[in-house]
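The exercises below ask you to work through a ligand site one step at a time. Please look at the sequence and the model first, and try each task before reading its solution.

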Amino acid sequence: MRKTMAIATTPLVSLALPEKGAARLATQLLLAIVGTLLLTLSAKTRVLLGPVDISMQTLAVFLISAAFGMRLGVATLLLYMAEGAIGLPVFQGTPEKGIGIAYMLGSTGGYLFGFVVMAAIVGWAADRGWDRHPVKLFNAILVAEIVMMAMGFAWLALLIGPEKSWQFGVAPFIVGDLIKVGLAASLVPAVWSLLKRS
Ligand SMILES: O=C(O)CCCC[C@@H]1SC[C@@H]2NC(=O)N[C@@H]21
């Protein structure tokens, strides 16, 4: 019965969560920690370009927030930001380009804060069942990506000007990030389809 209700109204993670109490909280904490490890791994899976590199972080944020929903998705991203703020080398260019708050206010700061907003938008959509439908999920992730890129662009533009910000902070990522949007929008509904069949 619980499994049926979860499939009808809640994100993927609810299938693995105890219904209430300390066990639920402990499982959520564990998932958030695992989420930050995945985000770190995705940040280090990168192609060096310049002030901003290609990495798998956007795909990781899409998948985590679509699977976790808004509350746990945003909590995971905030934990990731807190880990970075205290100096752990969890971001793309840490520790070689700096650490902690100083790094977070550097060239990639806008994207980092954008990830939190992105998780809120994708998680919100997953909480409404959009994660079962590739087109609906694609639209939600695309909006989230555009908002995050706008934040990344705006912050970088303050540091190096709008032209260079577009040249180094947006243009090189358009195709790759669109592929990641499509990948996440296909993968999560595919998992739901498999679960419904089993
Ligand atoms: O310092 C960080 O850890 C954040 C890096 C942000 C990289 C941005 S996210 C959007 C765009 N797509 C990529 O693959 N890289 C940039």
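A polar contact is a pair of N or O atoms within 3.5 Å, and this cut-off is needed in the first exercise. The model is predicted.

**Exercise 1. Find which residues come nearest to the ligand, and which of their atoms lie at polar-contact distance.**

Begin with the residues around the ligand, of which there are 18, and note that Asp53, Gln57, Gln92, Tyr103 and Thr108 come nearest. Next, take Asp53, where a polar atom of the backbone is 2.8 Å from a nitrogen atom of the ligand. Then turn to Gln92, which also uses its backbone, since an N or O atom there lies 2.8 Å from an oxygen atom of the ligand. Finally, look at the side chain of Tyr103, in which an N or O atom is 2.5 Å from an oxygen atom of the ligand. As for how far the ligand is covered, it exposes 410 Å² when taken alone, and the protein buries 100% of that area.

**Exercise 2. Work out which elements build the shell around the ligand, and what classes of residue it holds.**

First, list the elements that each supply at least two residues of the shell, namely strand S2 (54–55) and the helices H3 (57–85), H5 (109–127), H6 (134–160) and H8 (174–197). Second, look for the largest share, which comes from H5 with three residues. Third, sort the shell by class, which gives 10 nonpolar, five polar and three charged residues.

**Exercise 3. Describe the largest cavity and say what takes up its space.**

Start with the count: the structure holds one cavity of 30 Å³ or more. The volume of the largest cavity is about 200 Å³, and its space is the one taken by the ligand. Its lining is made of 18 residues, and those nearest its centre are Asp53, Ser55, Gln57, Gln92 and Phe115. Two or more lining residues come from each of S2, H3, H5, H6 and H8, with H5 giving the most, three residues.

**Exercise 4. Locate the cis peptide bond that involves Pro95.**

To begin, recall that most peptide bonds are trans. Here, the bond that joins Thr94 and Pro95 is cis, with omega at about 0°. To place this bond in the fold, follow the chain into the loop between H3 and helix H4 (100–104), where Pro95 is found.

Terms used:
Residues are numbered from 1 along each chain as its sequence is written. This is a predicted model: local features need pLDDT of at least 70, side-chain atom pairs count only at pLDDT 80 or more; totals for chains, interfaces and linings use all residues. Side-chain values use heavy atoms; hydrogens and water are left out. A residue is near a molecule or strand if one of its heavy atoms lies within 4 Å of it. A polar contact is a pair of N or O atoms within 3.5 Å; within protein, one must be able to donate a hydrogen and the other to accept it, and residues adjacent in sequence count only if both atoms are side-chain atoms. Accessible areas come from the Shrake-Rupley method with a 1.4 Å probe; for residues, only the protein chains shown count as cover. On a 1 Å grid over the protein atoms alone, a cavity is a set of points where a 1.4 Å probe fits but cannot get out, and a pocket is an open set with protein on both sides within 12 Å along at least five of seven lines; lining residues have an atom within 4 Å of a point. A molecule sits in a cavity or pocket if more than half of its atoms lie within 2 Å of its grid points. Helices (H or I, at least four residues) and strands (E, at least two) are DSSP runs, numbered from the N terminus. Ala, Val, Leu, Ile, Met, Phe, Trp, Tyr, Cys and Pro count as nonpolar, Asp, Glu, Lys and Arg as charged, and the others, Gly among them, as polar. Grid points are joined across faces, edges and corners, and a volume is the space filled by probe spheres set on the points.
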